[in-house]
There are 2 protein chains.
Amino acid sequence: MKKDVDKVIIPKPAIVRLSTLYVLLENLEQEGKTKIFSAEIGKLLGVPSHTIRKDISFLRQAGTGNGYEISILKNIIAEYLGFNKYKKACIVGMGRLGNVITTKNGFYSNQYAVIAGFDNNPEKLKSTRTDMDLYPMAKLKEVIERENIKIGIITVPQDSARKVAHDLIDCGIKGIINFSPVLIEINRDDVFIRNIFIAGEFNILSAFISQYEKNKL
Amino acid sequence: MKKDVDKVIIPKPAIVRLSTLYVLLENLEQEGKTKIFSAEIGKLLGVPSHTIRKDISFLRQAGTGNGYEISILKNIIAEYLGFNKYKKACIVGMGRLGNVITTKNGFYSNQYAVIAGFDNNPEKLKSTRTDMDLYPMAKLKEVIERENIKIGIITVPQDSARKVAHDLIDCGIKGIINFSPVLIEINRDDVFIRNIFIAGEFNILSAFISQYEKNKL
């Protein structure tokens, strides 16, 4: 098994879908469900069931006709995808959003830990938080290297977001979650970015609703 | 032109990509760029350039060999996709995240307005905010119907998120942005949901980084 896990390369869109599937399986497990069919998964995730079966087949798993065992599938996804392999994260921008996101209330999984926060403004570093250490930006490289942090979160204003992204990459960060309202593009194979666009979500919903209304005409 | 806009049905994944493209074009315009090629777009968005050309072709636009005119393409996307058609939104859960998200600092586009906030806790309704009205949950239906609101945002804790989603739908909401850490599935053709999973983003990045490391072996 170990050997397989090491060899399998899964396309990025499948990784994203399997990651969502993992959250769904966690939810279902909490609700006491033990088995699920690909057709149900497809319906719940809004993805064709053959896509789901194909995604799961990358994990060397096949449906049995009795559906998938939820706890097993969940663990296999985590193992093949390498969840929790890079558990430590840092955040740049300790304003209100930065503080909300790093508060342990379920916004990020218990399997990860945002252990360091950075800000340019000394006022923002005067916190009574005991769950993470706060530093001025000048300490970025030192802390990231010392703690071997691979994931960085950006919650700074729009005008400094790109610079912060490049600073993080220079310090060895390999994965970035960007909450600033600017699309950050990374032209490197070894660094990954997820842009969380709240404004974009409004546009997508407005488009979906419009399309539905059009279809009805 | 008007007739075309009304007829064209665009697949959902293309809508999502075109919505991201719109944000990219806005960014590029602010930086003073006027033209762009599909290959550049593809690189910036991490999508194959033929997919970009296909997406844009739904808008009855073809590249000219000289690339796309950014301002024109941006306006056409907004027009065909029906951005800003449903401008009013409400939010349920006026805790810290709800307050941060609805603060006009670029998290949502200026073209949309979160005009009403709801919470069960009377303490959370004691706000000095002048940019939105706050109401107890009992007013949900009355306010949504009166204001003809179609988009709802969920920022309540995990255990009440599903109930809130169904309440919103019962009140006539057609699009939901869910920030609670539970995956909400909607089994209806006429209602759309976007689940924003911060925990999932950590998993995705951890998986991308792991795959890259594996590939190198």
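**Exercise 1. The sheet.** What is the strand order of the open sheet of six strands in chain A, and is the pairing parallel or antiparallel?

*Solution.* Keep in mind that this is a predicted model. Reading across the open sheet of chain A, the six strands come in the order 5-4-3-6-7-8, and the pairing is parallel. Next, look for the edges: strand 5 (133-136) and strand 8 of chain A each pair on one side only. From one strand to the next, the twist averages 20 degrees.

Now zoom in on one pair. Strand 4 (residues 113-119) of chain A runs parallel to strand 5 of chain A, and four bridges join them. For a landmark, find A:Ala116, which sits opposite A:Asp133 in strand 5 of chain A.

**Exercise 2. Confidence.** Find which elements of chain A have the lowest and the highest mean pLDDT.

*Solution.* Start with the whole chain: chain A has a mean pLDDT of 88, with 93% of its residues at 70 or more. Then go element by element. The lowest mean, 61, belongs to helix 1 (residues 2-7) of chain A, while helix 7 (residues 140-147) of chain A has the highest, 98. For the complex, the predictor gives an ipTM of 0.89 and a pTM of 0.86.

**Exercise 3. The interface.** Work out how many residues of chain A touch chain B, and which element supplies the largest share.

*Solution.* Count contacts first: 63 residues of chain A meet 63 residues of chain B. Several elements of chain A supply at least two residues each to this side, including helix 2 (12-30), helix 3 (38-45) and strand 7 (175-178). The largest share, 17 residues, comes from helix 9 of chain A. Sort that side of chain A by class and you get 35 nonpolar, 16 polar and 12 charged residues.

Now flip to the partner. Helix 9 (residues 198-216) of chain B lies across strand 3 (88-92), strand 6 (151-154), strand 7 and strand 8 of chain A. Against strand 8 of chain A, this helix of chain B runs at about 160 degrees.

**Exercise 4. The symmetry.** Identify the operation that lays chain A on chain B.

*Solution.* In general, two copies of a chain are related by a rotation about an axis and a shift along it. Here, a turn of 180 degrees with a shift of 0.0 Å along the axis lays chain A on chain B, at an RMSD of 0.0 Å. The copies are thus related as by a two-fold rotation axis. To locate that axis, go to A:Leu97: within chain A, its C-alpha is the nearest to the axis, at 3.6 Å.

Last check: 100% of the interface residues of chain A are also interface residues in chain B, so the copies meet through the same surface.

Technical notes
Residues are numbered from 1 along each chain as its sequence is written. Chains are lettered from A and ligands numbered from 1 in the order in which they are written. This is a predicted model: local features need pLDDT of at least 70, side-chain atom pairs count only at pLDDT 80 or more; totals for chains, interfaces and linings use all residues. pLDDT is the predictor's confidence in each residue, from 0 to 100. Two residues are in contact if their C-beta atoms, placed from the backbone, lie within 7 Å. Ala, Val, Leu, Ile, Met, Phe, Trp, Tyr, Cys and Pro count as nonpolar, Asp, Glu, Lys and Arg as charged, and the others, Gly among them, as polar. Copies are superposed by least squares on the C-alpha atoms of residues with pLDDT of at least 70 in both. Two strands pair if DSSP finds at least two bridges between them. Axes are lines fitted to C-alpha atoms, for helices over the stretch in contact, and angles run from 0 to 180 degrees between N-to-C directions.
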